[in-house]
Amino acid sequence: MKDLGAQEAIYVAGDMAKAEDCERTIKTAEEKFGGLDYLVLNHMGSSFKREGLSLWDGDMAFLEDFTNINYLSYVRLASLALPMLEQSNGSVVVVSSLLGKITGTFVAGYCGAKFALDGFFGSLRQELQLKKADVSITLVVLGLINTEQAMNAAKVMGAEDLARTIALSAEDAAVAIIRSGAVRQRELYYPWIMVWPMAKLRPVFPQVLDWMEVQKSA
């Protein structure tokens with residue numbers, strides 16, 4: 001981080017599945033910085049080791065763990081940080097996915113968590129306005145980004161070569177995410193041409209997207 005111009009970089013090792021680690025993360029920011037201006041929520045994971053993608057199989061233990069890490073921890077971190085963000089008129093950036101706007105096969109749990117982020121933080125935005133709290137919330141809707149996790153998923157689906165061809169760099173995505181929070185943008189669709197048309201198609205022609213997804217996965 002110092003190579004990028006930061007005067008100081010502080011990290012906290014923790015497990016976002018654990019409430020105490022979420023609390024320690026925000027507490028460390030308060031102690032080290034005396035407050036908080038920006039909160040970027042961008043983590044994903046699971047305590048379960050599952051090989052590849054699969055149809056929904058009713059595994060509630062996996063779903064509860066996945067939802068805890070990929071949805072509830074976002075809510076927990078934001079809730080803990082809000083008092084400081086209200087004091088600084090700060091910003092929350094919630095990194096989501098196109099699969100939080102449209103659905104897909106083999107990713108029911110992932111879609112559920114990402115849709116939940118949109119619903120919760122959309123409502124929170126309205127409540128902050130009601131309170132006249134000057135805290136912005138930016139929802140980032142990402143398409144295919146060249147990360148190890150995304151490329152592994154593409155490999156499982158037999159589409160690794162295509163994915164590497166069309167995926168955008170993680171570095172460029174990070175810059176766009178930071179910029180969106182700095183200008184207090186309501187939603188960022190990145191890359192726009194990949195995700196915005198698909199997201200806006202679903203409310204109008206949901207059956208078309210269903211057909212496209214089934215044909216792709218068959």
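This is a walk through a predicted model, stop by stop, with a suggestion of what to select at each one.

**Stop 1: the main core**

Start in the middle of things by selecting Leu39, Leu41, Val92, Val94 and Phe121. These five touch the most other members of the largest nonpolar core, which has 39 residues. Now colour the elements that give two or more residues to this core: helices H1 (19-33), H2 (60-88), H3 (108-130) and H7 (192-201), together with strands S1 (38-41), S2 (91-97) and S3 (136-142). Which element gives the largest share of this core? It is H2, with 11 residues. As background, nonpolar side chains in soluble globular proteins tend to be buried together.

Keep Leu39 selected and show what surrounds it. Setting aside residues up to four places away in sequence, Leu39 touches Ile26, Leu77, Ala78, Ala81, Leu85, Ser91, Val92 and Val93. Apart from the largest core lies another one, of 10 residues; select Val93, Leu142, Ile145 and Ile177, which are among them.

**Stop 2: H1 against H2**

Next, hide everything but H1 and H2. A packed pair of helices is described by the angle between their axes and the distance between the axes. For H1 and H2 the angle is about 30° and the axes are 10 Å apart. An angle under 35 degrees counts as roughly parallel, and H1 and H2 are therefore roughly parallel to each other. The crossing of H1 past H2 is right-handed.

To see the contact itself, show side chains for Ala19, Cys22, Glu23, Thr25, Ile26 and Glu30 on H1, and for Ser73, Arg76, Leu77, Leu80, Ala81 and Met84 on H2. Coloured by class, this contact shows seven nonpolar, two polar and three charged residues.

While H1 is on screen, pick Asp21, which is found in this helix. Is Asp21 buried or exposed? Its relative accessible area is 11%, so Asp21 is buried, the cut-off being under 20%. Beyond its neighbours within four places in sequence, Asp21 is in contact with Gly14, Asp15 and Met16.

Then step back to Val12, in the segment before H1. Val12 is partly exposed, with a relative accessible area of 29%. Leaving out neighbours within four places in sequence, its contacts are Arg24, Thr25 and Thr28. If you draw a C-alpha to C-alpha line from Val12 to Glu171, it spans 22 Å, for a pair 159 residues apart in sequence.

**Stop 3: H2 against H3**

Swap H1 for H3 and look at H2 from this other pairing. How far apart are the axes of H2 and H3? They are 9 Å apart, and the helices pack at an angle of about 20°. H2 and H3 are therefore roughly parallel to each other, and H2 passes H3 in a right-handed crossing.

For the H2 side of the contact, select Leu63, Phe66, Asn70, Tyr71, Tyr74, Val75, Ala78, Leu82 and Glu86. On H3 they meet Gly109, Tyr110, Ala113, Lys114, Ala116, Leu117, Phe120, Phe121, Leu124 and Leu128. By class, this contact has 15 nonpolar, two polar and two charged residues. You may recognise Phe121 from the core at the start of the tour.

**Stop 4: the loops**

Now for the connections. Select Val107, in the loop between S2 and H3. With 17% relative accessibility, Val107 counts as buried. Add Leu53 and Leu99 to the view; Val107 touches both, not counting residues up to four places away in sequence. Leu53 and Val107 are 54 residues apart in sequence, yet their C-alpha atoms are 7.3 Å apart in space.

Two loop residues are worth a look for their backbone. Asn89, in the loop between H2 and S2, has a phi near 55°, a positive value in a residue other than glycine. Its relative accessible area is 39%, so Asn89 is partly exposed. Lys132, in the loop between H3 and S3, also is not a glycine and has a positive phi of about 60°. Lys132 is exposed, at 75% relative accessible area.

Finish at Pro191, in the loop between strand S6 (187-190) and H7. Zoom in on the bond that joins Tyr190 and Pro191: the peptide is cis, with omega about -10°.

Methods: Residues are numbered from 1 along each chain as its sequence is written. This is a predicted model: local features need pLDDT of at least 70, side-chain atom pairs count only at pLDDT 80 or more; totals for chains, interfaces and linings use all residues. Side-chain values use heavy atoms; hydrogens and water are left out. A nonpolar core is a set of buried Ala, Val, Leu, Ile, Met, Phe, Trp, Tyr and Cys residues joined through side-chain atoms within 4.5 Å. Buried means under 20% relative accessible area, exposed over 50%, partly exposed in between (1.4 Å probe, protein chains only). Helices (H or I, at least four residues) and strands (E, at least two) are DSSP runs, numbered from the N terminus. Contact means heavy atoms within 4.5 Å. Axes are lines fitted to C-alpha atoms, for helices over the stretch in contact, and angles run from 0 to 180 degrees between N-to-C directions. Angles under 35 degrees count as roughly parallel, over 145 as roughly antiparallel, 65 to 115 as roughly perpendicular and the rest as oblique. A crossing is left-handed if the near helix is turned anticlockwise from the far one by less than a right angle, and right-handed if clockwise. Ala, Val, Leu, Ile, Met, Phe, Trp, Tyr, Cys and Pro count as nonpolar, Asp, Glu, Lys and Arg as charged, and the others, Gly among them, as polar.
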